[in-house]
Amino acid sequence: MSKPFFTLTATHNPHRWYLPLNQDLCVGPAGRTFMFGGVGLASAIQAMERTCERPVVWATAQYLSFARPPSVVDLDVWVPAAGRNTTQARVIGHVGDKEIFTVNAALGSRASDVSRSWVERPDVPGPLDCPPADHWRGDQGGLHAQIDMRLARGNHGFDMKGAAPSADGRLIMWMRPKLGQDIDAATLAILADHVPSGVGNALGIDAGGSSLDNTLRIVRLVPTEWVLCDIGIHAVHAGFGHGSMRLFAEDGQLMATASQSMIVRPHGQSAG
């Protein structure tokens, strides 16, 4: 039986959904937690797929503000164009009158015998042969507590103390939901929002980032317990960083790619 990462609830309006925001979907210091950005993109993807009855091809989120528990996030789905194979859709996520995020996406599928990928999975040890990747703040609750993370290459969390800058800006980690949630497009959106985790590794300092956007491009969903997340930080300048992620199944199949820009922050600096 399938198990979602969160519960998105329908309303009498087939184009409106709502997400009760609890601590399990949030990150941040005690007393100032907020919805993890990937949850916003994930909930929008799920809302569009259920409204349009088509799988997402790509989706990009722009983060505008913070939603804090125990609020309720409303998601309004707009469908400006729906063709024979492709639907163009948009979601506005808001708490009351306050807009939190906007997501644009394309959904659909086309019959084709062509299926190739030119990207190879990095040659790293399997997840059970890699050490746990602890969160830099040592969080025991919230969104981070629901994801098992194993460090395959680079430095992360507490390992950042005394680390040297990365020569190529790459951080590679295995990730899986601890409660056995489905590895679907929504879950990949949540995992993909860990691109800022690579900032500290790239710079060799105790730092991360606050996402400004998050784009997910789905290639192919296949059954897998673990997802190998190959993070690359491409550049940091003027207080902003830019990076990407490639998400592989355990058997090496490329399932998705992601990219985002972020505000670079030394750890301990408040979001905003």
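Here is a friendly set of notes on this predicted model, point by point.

1. **The main core.** A good place to start is the largest nonpolar core, which has 70 residues. Within this core, F101, L188 and L216 are the residues with the most contacts. Helix α1, which covers residues 37-52, supplies the largest share of the core, eight residues. As background, nonpolar side chains in soluble globular proteins tend to be buried together.

2. **L216 and its surroundings.** If you centre your view on L216, you can pick out its partners from several parts of the chain. Leaving out residues up to four places away in sequence, L216 touches L41 and I45, then V57, W58 and A59. The list goes on with A185, L188, A189 and A192, and ends with A256, T257 and A258. A second, separate core of nine residues also exists, and C130, A152, W226 and F248 are among its members.

3. **How α1 meets α2.** Which way do helices α1 and α2 run relative to each other, roughly parallel or roughly antiparallel? Helix α2 spans residues 185-192, and it packs with α1 at an angle of about 160°, the two axes lying 8 Å apart. An angle over 145 degrees counts as roughly antiparallel, so α1 and α2 are roughly antiparallel to each other. Their crossing is right-handed.

4. **The residues between the two helices.** From α1, the contact is made by G38, V39, L41, A42, I45, Q46 and E49, while α2 brings A185, A186, A189 and I190. By character, the residues of this contact divide into eight nonpolar, two polar and one charged.

5. **Q46, a residue of that contact.** Q46 is found in helix α1. Is Q46 buried or exposed? Its relative accessible area is 12%, and Q46 is therefore buried, since buried means under 20%. Apart from residues up to four places away in sequence, Q46 touches F6, L8 and A186.

6. **Helix α2 as a whole.** How many of the residues of α2 are buried? Eight of the eight are, so this helix is largely enclosed by the rest of the structure. Written out, the buried residues of α2 are A185, A186, T187, L188, A189, I190, L191 and A192.

7. **I183, in the loop leading to α2.** I183 sits in the loop between β10 (170-177) and α2. With a relative accessibility of 15%, I183 counts as buried. Its contacts, not counting residues up to four places away in sequence, are P177, L188, L221, T224, E225, V227 and M255. It is also worth looking at K3: I183 and K3 are 180 residues apart in sequence, and their C-alpha atoms are 9.4 Å apart in space.

8. **M245, in strand β14.** M245 lies in strand β14 and counts as buried at 1% relative accessibility. Beyond residues up to four places away in sequence, M245 touches L191, A192, H194 and V195, as well as C229, D230 and I231. A256, T257 and A258 are also touched by M245; these three residues are touched by L216 too. From M245 to I183 the C-alpha to C-alpha separation is 16 Å, with their positions 62 residues apart in sequence.

9. **A61, in strand β5.** A61 belongs to strand β5, and its relative accessibility of 2% makes it count as buried. Setting aside neighbours within four places in sequence, A61 is in contact with L41, T102, V103, L212, D213 and N214. The C-alpha atoms of A61 and A105 are separated by 8.8 Å, and these residues are 44 apart along the chain.

10. **Backbone details to check.** Where is the cis peptide bond? It runs from P69 to P70, with omega near 5°, and P70 is found in the loop between β5 (56-63) and β6 (72-82). Two other residues deserve a look for their phi values. E53 has a positive phi of about 55° although it is not a glycine; E53 is in the loop between α1 and β5 and is exposed, with a relative accessible area of 70%. A238 likewise has a positive phi of about 55° without being a glycine. A238 is placed in the loop between β13 (227-237) and β14 (240-249), and at 63% relative accessibility A238 counts as exposed.

Technical notes
Residues numbered from 1 in each chain as written. Predicted model: local features only at pLDDT ≥ 70, side-chain atom pairs only at ≥ 80, totals over all residues. Heavy atoms only, no water. Core = buried A, V, L, I, M, F, W, Y, C linked by side-chain atoms within 4.5 Å. Buried < 20%, exposed > 50% of the residue type's maximum accessible area, 1.4 Å probe, protein only. Helix = DSSP H or I, 4+ residues; strand = E, 2+ residues; numbered from the N terminus. Contact = heavy atoms within 4.5 Å. Axes fitted to C-alpha atoms, helices over the stretch in contact; angles between N-to-C directions. Parallel < 35°, antiparallel > 145°, perpendicular 65-115°, else oblique. Left-handed = near helix turned anticlockwise from the far one by under 90°. Nonpolar A, V, L, I, M, F, W, Y, C, P; charged D, E, K, R; others polar.
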